[in-house]
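Visitor: Hi, could you walk me through this protein? I'd like to start with how some of the helices pack.
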Amino acid sequence: MTKEITMSVDPWKVYSGNALAALSQISYNNCSFPLARTLKVTFVSTRDNEENVTASQDIEANISAFVRRIRQLAPRLNMVKMSGGPDPMERVDVTYHYFGSLTTQLVQITSRIDISYGFGRAFHFLNADAIRNLTYLASTFELGGEQTVQLIRQNAPTLQYLHVAYRCVNISGIIQDADGSYVEYPRLETLEVYRGYDTRTPQRYIFDGAVPFPSLRRLVCVNEYPFGDDLVLFRGNAATLEFLQLTMTRELAITLPHSNTFTATSHPKLQCVILKLHPSMMPVNYTDDPEIIRFMMDIAPDAAVRKISEWCVNQLPPPLLSLFSKHTSLQVLDLPGMSLSIWDAMTLIQSLPLLSDIHAAVPTLDPMPDGVTARNVVTYVTSNYSPMGTRFRCWHFGCDFSRRMKDKVKPFLLLALACPNFDYAAAVDYEREKFAKLLEKTIDTAAYKKHAPRLRRLLFGGWRNNLPVSK
């Protein structure tokens, strides 16, 4: 049965009544969607239809009748997703007023809305005051800032999910209204804030005593924390926060450790931490950036972290190796571009019993342990490391043109000998066939032939995401 309806709508056909006429030709008995939950509407404005709209027409009546017909065809809708918008060259007097009416009525069908990129200044004509009791709101308000802020604030008592994307507008209004009163979102569990890259100096904020998100379980801040050194987003939700994704700027890396926001017992439910570095800080250097390292050592020290992600570090210094090893609940370690030896990798896998996925560069064999050579390395691994890491199963890696192909295959063969369930190395597509051929060739050599049945289980495939820990 249909669960999602996708429509491409020309607003001018709605205004003229032609869209309603087309829908009315559909028999309710032959074409209804009683189980549909989501309506996806893409507005494609065709200016050729503009001439069909005259001043004598009751445009508001045509809009209302069109929306009613949709409700009849799909009575159980609980989500409306809208994208696209008017052509900027259209008649502004008609376009934005009636487009605002059309989108407002569509939104009123449900309590969950997703308003995607492309609306632009049409937001100014959305009747925010008529939209109440939303539980889910995803929107961008680059050009319609005030209307969107109003829409968010007045639905604060009921919102459970809020996603906002912005770049050059001030979003402090979602926390503090024009009278200076703080806004509280008592039911909000997910907050996702995406800020487009902006070269301007971030604004300073002071929200003394504000606790806007007391029930937050999932917090995502992409590209930049929105409120400078005021950690208002973390206030009052330490007992509920389960998922945290941050883009680390140098300011945030200094502010967070010094704030004592994260202590040994502060976040008992925190399960997944994704730390991404702002482009201005990559790659991080252990010597030059001790604040980053200190924060990583302070966050969730109760070892409840399941994923550390997209933390670009060129090398793995001993303090970091120790840091990762203490997070015994770690399941995914995502360190794109990190170069580490197969020996450090095995140390990590040994100390992390739940680790299943590593995202990093192809491990190196050097430096070899004392007394280990290319002749005896297989015996050394099977004698000292096997079996270990029974949960470990996948290594994701990218391109590395600085190393010969055969130097990339051998570390994975050794890892397969140590870890009984490691059977998947996720290579970039154009290297997969080369890896597969070289793998077979290497297995047939004297050093590895004895273990051929086990090693032939190792696959070099495309990238995949085995563990949905970010849910």
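**Helix packing and a buried strand**

Guide: Happy to. The axes of helix H9 (residues 342-351) and helix H11 (residues 405-418) come within 11 Å and cross at roughly 25°. That makes H9 roughly parallel to H11, as angles under 35 degrees count as roughly parallel. Axes here are lines fitted to C-alpha atoms, for helices over the stretch in contact, and angles run from 0 to 180 degrees between N-to-C directions. Helices (H or I, at least four residues) and strands (E, at least two) are DSSP runs, numbered from the N terminus.

Visitor: Which residues make the contact of H9 and H11?

Guide: Ile342, Met346 and Ile349 of H9 meet Pro411, Leu414, Leu415 and Ala418 of H11, where contact means heavy atoms within 4.5 Å. By class that is 7 nonpolar, no polar and no charged residues. Ala, Val, Leu, Ile, Met, Phe, Trp, Tyr, Cys and Pro count as nonpolar, Asp, Glu, Lys and Arg as charged, and the others, Gly among them, as polar.

Visitor: Is this model predicted or not, and how are residues numbered?

Guide: It is a predicted model: local features need pLDDT of at least 70, side-chain atom pairs count only at pLDDT 80 or more, and totals for chains, interfaces and linings use all residues. Residues are numbered from 1 along each chain as its sequence is written, and side-chain values use heavy atoms, with hydrogens and water left out.

Visitor: Back to helices: at what angle do H10 and H11 cross?

Guide: Roughly 30°, with the axes of helix H10 (residues 377-384) and H11 coming within 9 Å. H10 and H11 are therefore roughly parallel to each other. Val377, Val378, Val381 and Thr382 of H10 touch Leu414, Leu417 and Ala418 of H11. That contact has 6 nonpolar, 1 polar and no charged residues.

Visitor: New topic, strands. Why is strand S7 largely enclosed?

Guide: Because 5 of the 6 residues of S7 (residues 190-195) are buried, the rest of the structure largely encloses this strand. Buried means under 20% relative accessible area, exposed over 50%, partly exposed in between (1.4 Å probe, protein chains only).

Visitor: Which strands does S7 pair with?

Guide: Strand S6 (residues 161-166) pairs with S7 in the parallel sense over 6 bridges, and strand S8 (residues 218-222) does so over 5 bridges, also parallel. Two strands pair if DSSP finds at least two bridges between them. Leu162 has Leu191 in S7 as its bridge partner, while Val193 stands opposite Cys221 in S8.

Visitor: And how many helices and strands are there in the protein?

Guide: There are 14 helices and 16 strands. Buried residues make up 53% of the 471 residues.

Technical notes. Angles under 35 degrees count as roughly parallel, over 145 as roughly antiparallel, 65 to 115 as roughly perpendicular and the rest as oblique.
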